[in-house]
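Trainee: I have a model open and would like to practise reading it. Could you walk me through it?

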Amino acid sequence: YPVVAAGWVAAHELLDYMDGCVARSFKKRGIPHDSRVGGFLDSMCDKVYGWTMLFGLWYLNGLGPWWGALACVKATVHLVLTVKRVRDYYFPDAAGPPPKIQAGSYGKFGVTCEDLCLGLAALTPRYPACHALSVGFLVLSIDLGLRSLGGKLYPEHSA
């Protein structure tokens, strides 16, 4: 099953890339679509995928208590980002049309690091050396997730 789990990770990364390509193609061709709905659904799918893969791999692969603790931190970051996204989508601050929900570079890179972490964690039973790399990418994805959250909570202070 480790190769299947790693395949799921690769499929997620590919689909995550492709939905952005489709949205840009629609915009370029003038095809009407609601980018807010697409951005919101993409973000929610990323969060659900992250939660299930983090805890599923931790449980199934016996990745140890430190990996589990880091997974809990990452899941908490996902939860707070989810609450922020839901709030921004359903209860926008400004009067008039709600702003487009835009993913920042920290968030996009954080999802990629999380996918690398999960892919390596999936391969850990077969290749034990992957464990240390998965921890490194998990820590990096937590850092990037916190930076993304900071940019969403305090946009005036983000670079």
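Trainee: Which pattern does the protein chain follow, read along the sequence?

Mentor: Happy to help, and keep in mind that this model is predicted. The protein chain has five helices and zero strands. Read from start to end, its pattern is therefore written with helix symbols alone: α-α-α-α-α.

Trainee: Are α2 and α4 roughly parallel or roughly antiparallel to each other?

Mentor: Start with the axes of α2 (residues 35-61) and α4 (residues 105-123), which come within 10 Å and cross at roughly 25°. The crossing is left-handed. Angles under 35 degrees count as roughly parallel, so the answer for α2 and α4 is roughly parallel.

Trainee: How many residues of the contact of α2 with α4 are nonpolar?

Mentor: On the α2 side, the contact includes Y49, M53, L54 and L57. Among the residues they and their neighbours in α2 meet in α4 are V111, L118, A121 and A122. The contact also has two polar and three charged residues, and its nonpolar residues number eight.

Trainee: How are the rings of Y89 and Y90 arranged?

Mentor: A pair of aromatic rings is described by the distance of the centres and the angle of the planes. The search of the whole structure finds one aromatic pair. For Y89 and Y90 the centres are 4.9 Å apart and the planes stand at 90°, so the arrangement is edge-to-face.

Trainee: Is Y89 buried or exposed?

Mentor: Its partner Y90 has 52% relative accessibility and counts as exposed. Y89 has a relative accessible area of 17%. Buried means under 20%, so Y89 is buried.

Terms used: Residues are numbered from 1 along each chain as its sequence is written. This is a predicted model: local features need pLDDT of at least 70, side-chain atom pairs count only at pLDDT 80 or more; totals for chains, interfaces and linings use all residues. Side-chain values use heavy atoms; hydrogens and water are left out. Axes are lines fitted to C-alpha atoms, for helices over the stretch in contact, and angles run from 0 to 180 degrees between N-to-C directions. Helices (H or I, at least four residues) and strands (E, at least two) are DSSP runs, numbered from the N terminus. Angles under 35 degrees count as roughly parallel, over 145 as roughly antiparallel, 65 to 115 as roughly perpendicular and the rest as oblique. A crossing is left-handed if the near helix is turned anticlockwise from the far one by less than a right angle, and right-handed if clockwise. Contact means heavy atoms within 4.5 Å. Ala, Val, Leu, Ile, Met, Phe, Trp, Tyr, Cys and Pro count as nonpolar, Asp, Glu, Lys and Arg as charged, and the others, Gly among them, as polar. Rings of Phe, Tyr and Trp (its six-membered ring) pair if their centres lie within 6.5 Å; planes under 30 degrees apart count as stacked, over 60 as edge-to-face and the rest as tilted. Buried means under 20% relative accessible area, exposed over 50%, partly exposed in between (1.4 Å probe, protein chains only).
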